[in-house]
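Me: Could you take a close look at one part of this chain for me and tell me what surrounds it? I would rather follow one residue outwards than read a list.

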Amino acid sequence: MIHKAQPAPDKDLFSFAQRKGWENNLDPHILERTRSITTAYREALSRLRYNRHIPKERKRQSDIERILFARGLENRFSVDELYHAFDNMLAQDIHQARIMLSEKNWHLTPPSERLTTTYTIIRGAIDLQYRELFCDFRYGGYRILGDIICDLDDMYRAQGISKSLIRKDDSEDLKSLLNGIKGKDDYKQQVIKNCQKLLKPNIKGKESYDWNEVLKCAVALGERQFALEVMPMTVLENCRRISHDK
């Protein structure tokens with residue numbers, strides 16, 4: 001049986017948590033600002049991780065090459081040719097085709113229904129010779145259509161996210177955290193710096209927050225990780241000093 005580590009109670013870690021009911025005395029305004037910023041912080045890091053790690057190349061290409069070779073078709077069809085057969089399909093059509101592959105259970109389609117089913121899945125004007133190739137399931141041939149569609153969908157999604165890292169409906173806090181991130185190798189450190197500027201802006205007229213109060217709010221919201229990453233010195237200053245002297 002695996003035992004998951006339980007986080008230590010706040011009162012065992014922070015000096016301010018020694019007072020019973022300390023959470024009830026938090027400034028409501030700072031609490032809401034902390035909630036908004038921590039939410040934006042998590043979303044910014046999540047979006048950037050996805051943007052950096054989503055496949056941007058044909059990771060399933062070797063699988064298609066293997067199937068073509070097994071059938072002796074490697075000189076009749078090139079992999080580039082098969083991918084380019086989908087050039088007339090829009091990104092949203094490719095994504096819909098990926099959904100249809102699953103909904104139609106393409107890999108279980110009977111031989112007599114395969115050609116008709118391709119028109120349900122990919123619909124567009126793709127040459128009949130390619131459709132017939134997709135309908136040949138020998139040596140795992142059912143994978144060819146799915147491999148191409150999934151690779152293209154992954155690449156289109158990656159391109160879309162890269163071009164629109166900041167979106168129109170994003171909160172102002174999220175836009176601030178993502179500002180100046182594109183092209184940065186250490187994106188997490190830049191997000192942290194942007195977060196610190198939100199809390200203590202060096203701009204006249206912009207509201208600045210007491211980090212000790214922000215820490216209390218972050219802890220009350222269950223956002224210890226945010227506190228450790230964005231304000232490590234404040235966390236250290238508020239840690240309980242426990243004496244081990246007898």
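Reply: A good place to start is Arg114, which lies in helix H6, where helices (H or I, at least four residues) and strands (E, at least two) are DSSP runs numbered from the N terminus. The model is predicted, so that local features need pLDDT of at least 70 and side-chain atom pairs count only at pLDDT 80 or more, while totals for chains, interfaces and linings use all residues. Residues are numbered from 1 along each chain as its sequence is written, and side-chain values use heavy atoms, with hydrogens and water left out.

Although arginine carries a charged side chain in many readers' minds as a surface group, what matters here is the computed value: Arg114 is buried, with a relative accessible area of 13%, where buried means under 20%, exposed over 50% and partly exposed in between, for a 1.4 Å probe and protein chains only. Once its neighbours within four places in sequence are set aside, Arg114 is in contact (heavy atoms within 4.5 Å) with Trp106, Thr109, Cys135 and Phe137.

Arg114 belongs to a set of buried residues in H6, the others being Thr117, Thr118 and Ile121. These residues lie on the same side of H6, because they cover an arc of only 110 degrees around the axis, the arc being that of the directions from the helix axis to the C-beta atoms. The face of H6 turned away from this buried side carries Ser112 and Thr116, which are exposed.

The backbone on either side of the helix also deserves attention. Ahead of H6, in the loop that joins H5 (91-103) to H6 (111-121), sits Asn105, whose phi is positive, at about 50 degrees, although the residue is not a glycine. Asn105 is partly exposed, with a relative accessible area of 38%. After H6 comes Arg123, where phi is again positive, near 55 degrees. Another positive phi in a residue other than glycine, near 55 degrees, is found at Tyr139, which lies in the loop between H7 (128-134) and H8.

To place Arg114 within the whole chain, compare it with Val191: the two are 77 residues apart in sequence, and their C-alpha atoms are separated by 49 Å. Val191 is one of the residues with the most contacts inside the largest nonpolar core, together with Tyr41, Leu177 and Phe226, and this core has 34 residues; such a core is a set of buried Ala, Val, Leu, Ile, Met, Phe, Trp, Tyr and Cys residues joined through side-chain atoms within 4.5 Å. Two or more residues of this core come from each of H2 (28-53), H9 (172-178), H10, H11 (211-220) and H12 (224-230). H2 gives the most, with seven residues.

Inside that core, Leu177 touches Val191 as well as Ile37, Ala40, Tyr41, Ala44, Asn194, Cys195 and Leu198, not counting residues up to four places away in sequence. A second, separate core has 30 residues, among them Phe77, Met100, Trp106 and Ile149. Trp106 brings the account back to its starting point, since this member of the second core is also one of the contacts of Arg114.
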